[in-house]
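This report walks through one protein model, residue by residue and element by element. Please keep the sequence and the structure in view while reading.

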Amino acid sequence: MRRELWVNAALWLGLICVPLWAHWAGEPFTITLATRAVIFAVAAVGLNIALGLGGLVSLGHAAFFGIGGYAMGILAFHAQNYQPLFEWPFVFEGSQSMPLIWVVAFAVSGLCAFVIGLLALRTSGVYFIMITLAFGQMFYFFSISWAAYGGEDGMLIYVRNGFPGLNTLDPIQFYGLCFAVLSAALLVQARLARSPFGLALNAARQVPERVRAVGLDPVRLRLLAFTLSGAITGLAGALFADLNRFVSPSMFSWQLSGEFIVFIIIGGTARLFGPVVGAMVFVGLEHLLGGLSEYWHVWFGALLLGIVLFGQGGVIGMIAGKARAHD
């Protein structure tokens with residue numbers, strides 16, 4: 001465990017030093033790549049609460065990512081076009097304030113995760129996977145047919161939303177916001193894993209019968225974990241939409257849900273910084289190999305296969321050993 005703490009500390013410092021170096025060297029594109037990796041890491045940290053701690057394999061987490069993105073897009077769309085979002089019980093013309101958008105994205109995504117969890121957690125195993133996938137596809141096709149907000153073409157947001165005291169158009173300042181959100185999400189996961197709730201959730205994943213025997217409801221524990229997981233992933237969706245200043249139905253795609261799972265597997269399931277490593281590897285390979293061939297996913301797949309076969313515990317497990325961050 002001590003070795004893993006050192007690995008986590010090194011990764012956290014790297015997330016600070018690399019963008020600062022890029023800012024000093026005048027490499028804004030490197031900062032943008034780092035921002036993309038950090039946002040994907042936030043989404044995967046959210047999924048890791050459900051998957052790593054709760055054992056819930058969700059192929060529909062892109063639904064929450066997309067809900068967060070569309071929450072941002074709809075609020076900003078109405079604000080920039082001076083069209084009221086609603087006029088009763090009061091007139092609300094949207095918003096381009098990041099704090100408000102984050103609250104809305106977090107709340108709406110969490111509410112949707114709660115409703116989906118109520119239905120999906122009646123099942124388990126492959127049936128749970130298929131139900132989450134089905135909900136994700138429902139949101140995907142709904143967004144395609146939602147002509148008021150761009151339909152298949154998506155929505156373009158002309159100006160990045162604002163944060164008090166910061167210039168969010170400055171890449172390093174926007175990166176700092178995203179890094180702060182990632183640090184907060186990691187702190188929540190770390191505290192959650194060591195809390196009585198986290199221990200009960202871990203027990204429900206392994207031996208649900210014993211959890212019932214002590215008077216706890218495994219389904220309720222998983223539902224709370226799934227709700228928090230979806231809310232954090234939705235917050236990442238709002239950040240991603242702000243990064244690109246664009247929202248589209250592709251944010252709901254099941255392939256994106258699969259990528260979130262892959263991030264966790266590459267870094268290490270239930271490892272605190274596992275999603276961070278996975279997101280960094282994905283974005284790095286996408287940048288380095290994507291320019292060489294459109295089939296760069298072949299090499300990414302080979303890396304994933306090698307980790308699954310020979311490196312159980314992911315990259316962090318190969319470096320730090322078998323102890324998990326919450327053990």
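Leu221 sits in helix H9, which covers residues 218-244. The model is a predicted one. Is Leu221 buried or exposed? Its relative accessibility is 10%, so Leu221 counts as buried, the limit being under 20%. Apart from residues up to four places away in sequence, Leu221 touches Phe197, Ala200, Leu201, Ala204 and Val211. Between Leu221 and Asn202 there are 9.6 Å from C-alpha to C-alpha, with a separation of 19 residues in sequence.

**The nonpolar core**

In soluble globular proteins, nonpolar side chains tend to be buried together. In this model the largest nonpolar core contains 102 residues. Which residues have the most contacts inside this core? They are Phe40, Phe65, Met72, Trp102, Leu182, Phe226 and Phe260. Helix H2 (residues 28-53) supplies the largest share of the core, with 17 residues.

Phe260 shows what surrounds one of these residues. With neighbours within four places in sequence set aside, Phe260 is in contact with Phe40, Ala43, Ala44, Leu47, His61, Ala62, Phe65 and Thr233. Two of the partners, Phe40 and Phe65, are also listed among the residues with the most contacts inside the core.

**Two buried threonines**

Thr132 belongs to helix H5, residues 126-145. With a relative accessible area of 2%, Thr132 is buried. Outside the four nearest places in sequence on either side, Thr132 is in contact with Val57, Ser58, Leu59, Gly60, Ala120 and Phe226. Phe226 is one of the core residues with the most contacts.

Thr168 is placed in a loop, the one between strand E1 (155-156) and helix H6 (171-194). Thr168 also counts as buried, because its relative accessibility is 5%. The Thr168 side chain comes to 2.7 Å from the backbone oxygen of Asn161. Beyond its neighbours within four places in sequence, Thr168 is in contact with Met98, Arg160, Asn161, Gly162, Phe163, Phe174 and Leu177.

**A nonpolar patch on the surface**

Nonpolar side chains also occur on the surface of this model. Leu111, Phe114, Val115, Leu118 and Leu119 form a patch there, and their accessible area together is about 440 Å². One of these residues, Leu119, is part of helix H4 (residues 98-120). Leu119 has a relative accessible area of 43% and is therefore partly exposed.

**Salt bridges**

Side chains of opposite charge can pair when their charged atoms come close. How many salt bridges are counted in this model? The count is 2. The table gives both pairs.

| Salt bridge | N to O distance |
|---|---|
| Arg271 and Glu4 | 2.6 Å |
| Glu286 and Arg36 | 3.3 Å |

Arg271 forms its salt bridge with Glu4. Arg271 is in the loop between helix H10 (254-267) and helix H11 (274-290), while Glu4 is in helix H1 (residues 2-25), so this pair ties together parts that are 267 residues apart in sequence. Arg271 and Glu4 are both buried.

The other salt bridge is between the side chains of Glu286 and Arg36. Because Glu286 lies in helix H11 and Arg36 in helix H2, this pair ties together parts that are 250 residues apart in sequence. Glu286 has a relative accessibility of 26% and so counts as partly exposed.

**Backbone features in loops**

Three places in the backbone are described next. Where is the cis peptide bond? It joins Trp88 and Pro89, with omega at about 5°. Pro89 is in the loop between helix H3 (61-81) and H4.

Arg245 has a positive phi, near 50°, although the residue is not glycine. The position of Arg245 is the loop between H9 and strand E2 (246-247). Its relative accessible area of 29% is why Arg245 is described as partly exposed.

Ala270, likewise a residue other than glycine, has a positive phi near 70°. Ala270 is in the loop between H10 and H11, where Arg271 of the salt bridge with Glu4 is also found. Since its relative accessibility is 2%, Ala270 counts as buried.

Notes. Residues numbered from 1 in each chain as written. Predicted model: local features only at pLDDT ≥ 70, side-chain atom pairs only at ≥ 80, totals over all residues. Heavy atoms only, no water. Helix = DSSP H or I, 4+ residues; strand = E, 2+ residues; numbered from the N terminus. Buried < 20%, exposed > 50% of the residue type's maximum accessible area, 1.4 Å probe, protein only. Polar contact = N/O pair within 3.5 Å; in protein donor to acceptor, adjacent residues only side chain to side chain. Contact = heavy atoms within 4.5 Å. Core = buried A, V, L, I, M, F, W, Y, C linked by side-chain atoms within 4.5 Å. Patch = residues over 30% accessible without salt bridge, like charges linked within 9 Å, V, L, I, M, F, W, Y side chains within 5 Å. Areas by Shrake-Rupley, 256 points an atom, 1.4 Å probe, with all protein chains shown as cover. Salt bridge = Lys/Arg side-chain N within 4 Å of Asp/Glu carboxyl O.
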